[in-house]
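Hi,

Here is the structure I promised to pass on to you. Have a look at it first, and then read my notes below.

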Amino acid sequence: MGDILYLILALVLIVVLAAGGLLVGLRRRGRPGADVSSVDAAGVDEALPTVEPEAEAAPVLERPEPVQGRLVRLRARLAGSQSTLGRGLLSLLSRDRVDDDTWQEIEDTLLTSDLGVEPTQELVGRLRAQVRVEGVGSDARARAILRDELIAMLDPDLDRALHLRRTDAKPGVALVVGVNGSGKTTTVAKIARVLVAEDSDVVLGAADTFRAAAVDQLKTWGDRVGVHTVRGAEGGDPASVAYDAVQTGIEREADAVLIDTAGRLHTKTGLMDELGKVKRVVEKLARVGEVLLVLDATTGQNGLQQARVFAEVVDVTGIALTKLDGTAKGGIVVAVQRELGVPVKLVGLGEGADDLAPFEPEAFVDALLGESSLT
């Protein structure tokens, strides 16, 4: 009997101990922080709070230089690079005795400046008449005579304004033409900067669809000043892109639309016909106010040949001369105006974004003659 009692007590004790162990285990598992993975996760959550992605910052737009400021700078650069021609002429005219040999030297100097045969003969004839009647007498008098005659050759009364004003709820439209390598696409972008500096709203049309690089370049330039660029598929119809650009300009109520046209070799008749088509298509929407021909001033007489071909296809209204720096000869300004009967409206001297400005005959001549007053 005693043995049975001891056996029962032992079994009860075992059950009590087993139940106690189970209860402790359950309490430990239910205690906060007991689960290592939970501790790790909670710690990570506290250490690395959720970071909201930052909104993309709006690009900082460039503010192009005002026209007046760039004019002063360009005059100074012209004076430094173009005065060789002027100095040469002044030294010849200022001689104590201006004889036939001197006049021949003057004529040769003008011809080598790309002035052209006919303008050179005309200028020499007028200078001879002036000197014969009034004489020279001094360097100052020689400078005054030469200045007056050169300015007259440039015809300062020509209308050099860009006719790109918004009228009848439609933007002013400019077609920019020229051969590849003349700086055509860059000039389109620089004209846009001139207009933006005057607080005009501009749309660019990348119609030089044969050159993907030109399209990308134009868009990049436009983005820098907040100007929208309309582009099409590579190798697509240039006239279609030009049409879309003008349509976009109308919808956006832009002041001006500048269209960069295809500029492969100017001897290709098909390309010239394409330019005519672009103009006809664009004018279904808005009048083309300007057809600007971009010429590289360093090409001299070759540039004149280019001008002749383009003028046969579209009615060129103005000329933009690029690279008119120390390597250019200056006389091309007179020669191309005489050839086409239209004014040089814009000149560029360098690679800078704002190295393009309206052409001023008086300032140009003063720079040729090395005048110190540039303001």
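Let's begin with one residue: threonine 102 sits in helix H5 (residues 100–112); helices here are DSSP runs of H or I with at least four residues, strands are E runs with at least two, and both are numbered from the N terminus. Please note that this is a predicted model, where local features need pLDDT of at least 70 and side-chain atom pairs count only at pLDDT 80 or more, while totals for chains, interfaces and linings use all residues. Residues are numbered from 1 along each chain as its sequence is written, and side-chain values use heavy atoms, leaving out hydrogens and water.

Is threonine 102 buried or exposed? Threonine 102 is buried, with a relative accessible area of 1% (buried is under 20%, exposed over 50%, partly exposed in between, with a 1.4 Å probe and protein chains only). Leaving aside residues up to four places away in sequence, threonine 102 touches Leu92, Arg95 and Arg97 (a contact means heavy atoms within 4.5 Å).

Now for the whole protein. There are 14 helices and eight strands, and 45% of the 375 residues count as buried. Among contacts with a separation of 6 or more, 77% join residues 24 or more positions apart.

How are the residues lining the largest pocket divided? The lining has 10 nonpolar residues, one polar and six charged (Ala, Val, Leu, Ile, Met, Phe, Trp, Tyr, Cys and Pro count as nonpolar, Asp, Glu, Lys and Arg as charged, and the others, Gly among them, as polar). A pocket is an open set of points on a 1 Å grid over the protein atoms alone, where a 1.4 Å probe fits, with protein on both sides within 12 Å along at least five of seven lines; lining residues have an atom within 4 Å of a point.

Enjoy exploring!
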